[in-house]
Amino acid sequence: MDKIVILDFGSQTTQLIARRIRELGVFCQIFDGESTITKELLKDTKGIILSGSPFSVYEKGAPKPHPSVFLTGLPVLGICYGFQQMTMIHNGIVDASATKEYGKAPVSILCESELFNGVPDGFSSWMSHGDSLKKLGEDFDLIAESENHPAAGFNKKLNLYGLQFHPEVSHCDYGKKILSNYIFKICESDKSWNMDIFMDIISQEIKIKVGNNKVLLLISGGVDSSVVAGMLLKILPAQNIFLMYIDTGLMRKNETEEIDIYLKSLGAENIQIINASSMFLDELKGISDPEKKREIIGDLFIRIQSRELPNELKNNYILAQGTLYTDFIESGKGVGNKAKAIKSHHNVSSPMVEAKRNAGLIIEPLEELFKDEVRQLGIALGIDSRIISRHPFPGPGLAVRIIGDITKEKVSILQEADYLFIQELKTRNLYNKIWQAFCVLLPVKSVGVTGDAREYGYVLALRAITSVDGMTADVYPFNTSDLLEISSIITNTIPEIGRVVYDISSKPPATIEWE
Ligand code: XMP
């Protein structure tokens with residue numbers, strides 16, 4: 001199978017490049033940006049892409065491609081920082097620019113090239129760079145420019161191409177077309193990758209890695225761990241798979257019962273459901289800081305997991321997790337560890353998980369995928385569509401949707417409100433049009449009136465967003481009548497809630513969750 005290699009210099013969008021290539025039907029592999037050219041790297045490789053980076057090419061510790069990368073004869077495409085490194089190595093000049101470009105920028109095409117085949121002059125690109133090219137590398141020709149800077153160049157002799165903008169970002173018009181030109185017209189790759197092939201590859205890897213060992217998978221109730229459960233039960237003998245679900249008491253209403261039914265339907269033989277809600281509530285008592293909440297929950301998960309470890313796993317076991325690519329990148333763990341940390345996810349960064357990872361005793365079959373790709377995989381595996389289409393749910397659960405301190409009373413109010421909201425979305429055929437919807441219980445009370453009496457009730461915020469991968473999000477544009485009806489249903493059913501508001505913030509600048 002033909003493949004494209006991506007050398008990663010720590011960009012937040014490296015996996016987006018990979019994902020676009022997969023969408024175009026070609027297999028790709030990501031290597032550390034500073035890798036030397038090895039047989040493994042070159043095996044079936046048709047082209048090499050150099051990613052962007054949070055570094056400036058002049059910064060101390062800035063990662064550099066090995067010069068041999070440019071001598072393989074394979075077409076090399078540098079994107080943003082990758083283009084700048086390519087330029088420096090070929091005696092061009094990169095400089096801190098006075099006019100930085102962020103966001104949309106129109107690009108003029110200066111001459112014909114295979115890279116821009118079928119792309120109109122003046123198309124809108126997506127830029128994100130502080131440094132820019134002052135002088136192209138030796139034997140490079142300029143093929144496109146933005147208002148202020150060179151936007152693309154190529155060196156026909158050495159088969160090198162460079163783009164200052166990010167074709168992988170969905171906001172870049174014709175970005176996918178440009179990547180398609182690179183992988184099919186320039187690299188001449190065959191279209192040979194799809195989810196079934198991914199499943200075959202991953203199954204073989206898992207079988208080899210696990211052998212006759214036992215596997216422990218923590219089930220969270222979300223799509224990712226559910227898909228991994230379905231996958232493992234398809235690949236490995238059921239008696240070797242141990243599924244552990246810890247009910248933190250911070251789950252959605254009926255979640256525990258639904259998960260139990262689902263896991264049994266998959267043919268799981270070893271299911272452990274641990275009710276630890278009082279432990280979680282005790283340890284979270286009086287805690288308002290969201291990061292502290294995350295830390296307490298992460299630690300407790302690990303303590304309970306080791307305390308409750310089934311006897312069969314006491315000597316040794318392989319840990320399986322449904323970690324997604326976005327969890328790694330937010331935790332600052334790109335392939336070459338050059339990405340900057342945004343938020344720590346305990347399934348990535350906890351010491352116990354890191355120890356397992358360093359010992360090679362972990363399998364994370366979704367580590368290169370985005371949420372919507374996990375859903376496609378779930379469909380390919382024949383997993384129940386009700387599970388696959390469930391909205392994402394954060395690991396710390398309702399703890400990060402109760403702003404401020406958490407009490408049992410607040411948890412039940414929020415569970416009830418969330419249940420009503422989601423049921424209403426389903427009844428109105430809106431659930432599958434929305435990427436994620438939930439309620440947030442605010443730490444303020446407001447005055448209301450019911451009958452002739454004064455009420456002093458909680459304020460509840462509704463959140464509903466559309467997104468492709470959770471990296472950016474838009475507010476779902478409800479019909480006003482739906483919002484008004486849902487609000488009355490909630491306040492009429494839950495007496496403790498006196499007021500409902502709708503969150504109209506996109507991501508960025510807001511995040512999807514409130515904490
Ligand atoms: P944010 O709030 O960062 O959320 O815009 C993006 C997606 O990630 C989920 N999320 C989390 N998932 N542990 C998780 O497993 C967390 O600590 C966490 N925080 C946010 C969020 O629900 C959304 O789908």
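Me: In this predicted model, is F478 buried or exposed?
Reply: The cut-off for burial is under 20% relative accessible area. F478 has a relative accessible area of 11%. That value falls under the cut-off, so F478 is classed as buried.

Me: And what is the relative accessible area of Y476?
Reply: Y476 is also classed as buried, so its value has to lie under 20%. The computed relative accessible area of Y476 is 13%.

Me: How many aromatic pairs does a search of the whole structure find?
Reply: Rings of Phe, Tyr and Trp pair if their centres lie within 6.5 Å. Searching the whole structure on that basis gives a count of aromatic pairs of 10.

Me: How are the rings of F123 and Y174 arranged, stacked or edge-to-face?
Reply: The ring centres of F123 and Y174 are 6.5 Å apart. Their planes meet at 80°. Planes over 60 degrees apart count as edge-to-face. The F123 and Y174 pair is therefore edge-to-face.

Me: How many residues apart in sequence are the parts that F123 and Y174 tie together?
Reply: F123 belongs to strand β6, residues 123-135. Y174 sits in the loop between β9 (160-163) and α4 (175-186). The pair therefore ties together parts whose separation in sequence is 51 residues.

Me: Is Y174 buried or partly exposed?
Reply: Its partner F123 is buried at 3% relative accessibility. Y174 has 39% relative accessibility. Buried needs under 20% and exposed needs over 50%. Y174 lies in between, so Y174 counts as partly exposed.

Me: At what angle are the planes of the Y476 and F478 rings?
Reply: The ring centres of Y476 and F478 are 5.0 Å apart. The pair counts as edge-to-face because its planes are at 85°.

Me: Which residues do ring pairs link into a cluster with F123 and Y174?
Reply: F123 and Y174 belong to a cluster linked by ring pairs. The other members of that cluster are F116 and F165.

Me: Which residue other than glycine, in the loop between β9 and α4, has a positive phi near 65°?
Reply: The loop between β9 and α4 holds Y174. Phi near 65° is a positive value in a residue other than glycine, and here that residue is Y174.

Me: What is the relative accessible area of C80?
Reply: C80 has a positive phi too, near 55°. C80 is placed in the loop between β4 (76-79) and α3 (81-89). C80 is classed as buried because its relative accessible area is 6%.

Me: Which ring does the charged end of K356 sit over?
Reply: The charged end of K356 is 3.7 Å from the centre of a ring. That ring belongs to Y317.

Me: How far is the charged end of K426 from the ring centre of Y431?
Reply: The charged end of K426 sits over the ring of Y431. From the ring centre, the distance is 4.8 Å.

Me: Where is E101, and which side chain of opposite charge is nearest?
Reply: E101 lies in strand β5, residues 93-109. E101 is buried and has no salt bridge. A salt bridge needs the nitrogen within 4 Å of a carboxyl oxygen. The nearest side chain of opposite charge is 11 Å away and belongs to K134.

Me: Which side chains make polar contacts with the side chain of E101?
Reply: One polar contact, at 2.7 Å, joins E101 to H129. Another, at 2.9 Å, joins E101 to S146. The side chains are those of H129 and S146.

Me: How many salt bridges does the structure hold?
Reply: A salt bridge here is a Lys or Arg side-chain nitrogen within 4 Å of an Asp or Glu carboxyl oxygen. The structure's number of salt bridges is 27.

Me: Which residue forms a salt bridge with D224?
Reply: The N to O distance is 3.0 Å. The pair links helix α6 (residues 223-235) with helix α13 (residues 371-380), with the two partners 147 residues apart. Both partners are buried. The partner of D224 is K371.

Me: In the salt bridge of R357 and E364, which residue is buried?
Reply: The closest N and O atoms of R357 and E364 are 3.1 Å apart. R357 counts as partly exposed because its relative accessibility is 22%. At 7% relative accessibility, the buried residue is E364.

Note on methods
Residues are numbered from 1 along each chain as its sequence is written. This is a predicted model: local features need pLDDT of at least 70, side-chain atom pairs count only at pLDDT 80 or more; totals for chains, interfaces and linings use all residues. Side-chain values use heavy atoms; hydrogens and water are left out. Rings of Phe, Tyr and Trp (its six-membered ring) pair if their centres lie within 6.5 Å; planes under 30 degrees apart count as stacked, over 60 as edge-to-face and the rest as tilted. Helices (H or I, at least four residues) and strands (E, at least two) are DSSP runs, numbered from the N terminus. Buried means under 20% relative accessible area, exposed over 50%, partly exposed in between (1.4 Å probe, protein chains only). A charge sits over a ring if NZ of Lys or CZ of Arg is within 6 Å of the ring centre and within 35 degrees of the ring normal. Lys and Arg count as positive and Asp and Glu as negative; His and the chain ends are not counted. A polar contact is a pair of N or O atoms within 3.5 Å; within protein, one must be able to donate a hydrogen and the other to accept it, and residues adjacent in sequence count only if both atoms are side-chain atoms.
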